[in-house]
Amino acid sequence: MATTATTQPRALIIGGSLGGLFTATTLRAAGWDVDIFERSPHELDSRGGGVVLQSDVLSAFHFAGIQTGGALGVQSGDRIYLDQADRVIHRSFMPQTQTSWNMLYSKMKAHLPAQIFHPGEQFVRFEQVGDRITAYFASGRVETGDLLVGADGARSAVREQVTAGLAPTYAGYVAWRGLVPEKELPASAADVLKGTFAFQQGPGHLMLEYLVPGEDQSTQEGQRRWNWVWYLKVAHGEELSSLMTDRFGKRHAFSLSPGTPKDEDLARLAQTSKNLLAPTFQTLVEATKEPFVQAILDLQVEQMVFGRAILLGDAAFVPRPHTAGSTAKAAANALALAQALQPAGIDIDAALSDWQNGQLREGIGMTEWGMNMGDRIMGIPRGSAMSKDV
């Protein structure tokens, strides 16, 4: 059904992380009213690590009219591969830009009016009557709009309602991550890594590193952070369950935030680093005050549009991080949605159908590519018993 020229349509966005903010900023630029409902009552800007800056993010920022006020990231030039003896065994010039989760989050949040954010609102369910959709929250809050966007990540409560229990599957390995203030890394390691995107590949593991903006979003030399990611196999079952249980005894499904991994797991990480990593990377791990960890997951949906409710970003497709595409995919989903819904008087249902056709193809292609690449890197046969429901 088409909206009238005098009615400004309203979107209810479930999830206040990057996917929700990309959706809010682009839909507002397309003439929509938006409100964001985030289950966490706390500010999110301290979460996350490094992000490779992709053109889809820049396109979404441009469409939304977001002024960055300076560099969005840190440039690297050479890609280098170290062996376990710290020798550079391969070097190639592959310039790119790396940013951080909190840089993108902060820029988008500052662009949006404060009154559209509603923290501490846990989505429970939705109902659609005609072309109006109503969201119900655990607090008792009830909101009605023209569109409900499930941008609530891999644990999506919106997806839970519309896909009969479809959940991410565990890929058989995890990513340990860390951030180190630039000046806190010893010169011996900094001299090797400076200006590079660095890797070390070994049997069943992969380490990588690059510089990202500082916690205060500075891209100035000396004020940035070293960001590292180390992929390691962890068996599904008791081993994974133990790792995903934090120091307070709480079991987490997907990840542990900085400060929550158990001391024994941090000690095991340090010992594994000494056993497997080049001295430069060992130094980087040792310099990290609060490593954090996430399980690597796979998720693909067969449908993204359910009447006036849609799934977007990681609520629909979770690509392996080797694609460097999770953030870019959310930006592309949101930008395509805003462009489809932009014309005044648009037939929303027809526009959503067209949007789904394109985004499904992109999501399936990216996730398949990521699964093939990740399994090859980690030496995991496709379809092996290592991949299980989380």
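Ala, Val, Leu, Ile, Met, Phe, Trp, Tyr, Cys and Pro count here as nonpolar, Asp, Glu, Lys and Arg as charged, and the others, Gly among them, as polar. By these classes, the lining of the second largest pocket has seven nonpolar, two polar and four charged residues. The model is a predicted one.

The second largest pocket holds about 260 Å³ of space. Its lining is made up of 13 residues. Trp-176, Val-234, Glu-239, Leu-243 and Arg-268 lie nearest the centre of this pocket. Two strands and two helices each give two or more residues to the lining: S11 (169-181), S14 (225-233), H6 (238-243) and H7 (263-276). Helix H7 provides the largest share, with five residues.

Helix H8 spans residues 279-286. Six of its eight residues are buried, so H8 is largely enclosed by the rest of the structure. Buried here means under 20% relative accessible area. The buried residues of H8 are Thr-280, Phe-281, Gln-282, Thr-283, Leu-284 and Val-285.

An open sheet is built from six strands. Their order is S6-S2-S1-S10-S18-S17, and the pairing is mixed. Strand S6 (117-119) and strand S17 (305-306) stand at the edges. Each has a single partner strand, so one side of S6 and one side of S17 are left without a neighbour in the sheet. At the S6 edge, the pairing is with strand S2, residues 33-38. S2 and S6 run in the parallel sense and are joined over three bridges. Within this pairing, Ile-36 has Phe-117 of S6 as its bridge partner.

Further pairings involve strand S5, which covers residues 88-100. Strand S3 (residues 50-52) pairs with S5 in the antiparallel sense over three bridges. Here Gly-50 stands opposite Ser-100 of S5. Strand S4 (residues 74-82) also runs antiparallel to S5, and eight bridges join the two. Among the residues of this pairing, Tyr-81 has His-90 in S5 as its bridge partner. S4 and S5 form a hairpin, with five residues between the strands. In the turn, Asp-86 has a positive phi of about 75 degrees.

Terms used
Residues are numbered from 1 along each chain as its sequence is written. This is a predicted model: local features need pLDDT of at least 70, side-chain atom pairs count only at pLDDT 80 or more; totals for chains, interfaces and linings use all residues. Side-chain values use heavy atoms; hydrogens and water are left out. Two strands pair if DSSP finds at least two bridges between them. Helices (H or I, at least four residues) and strands (E, at least two) are DSSP runs, numbered from the N terminus. Buried means under 20% relative accessible area, exposed over 50%, partly exposed in between (1.4 Å probe, protein chains only). On a 1 Å grid over the protein atoms alone, a cavity is a set of points where a 1.4 Å probe fits but cannot get out, and a pocket is an open set with protein on both sides within 12 Å along at least five of seven lines; lining residues have an atom within 4 Å of a point. Grid points are joined across faces, edges and corners, and a volume is the space filled by probe spheres set on the points.
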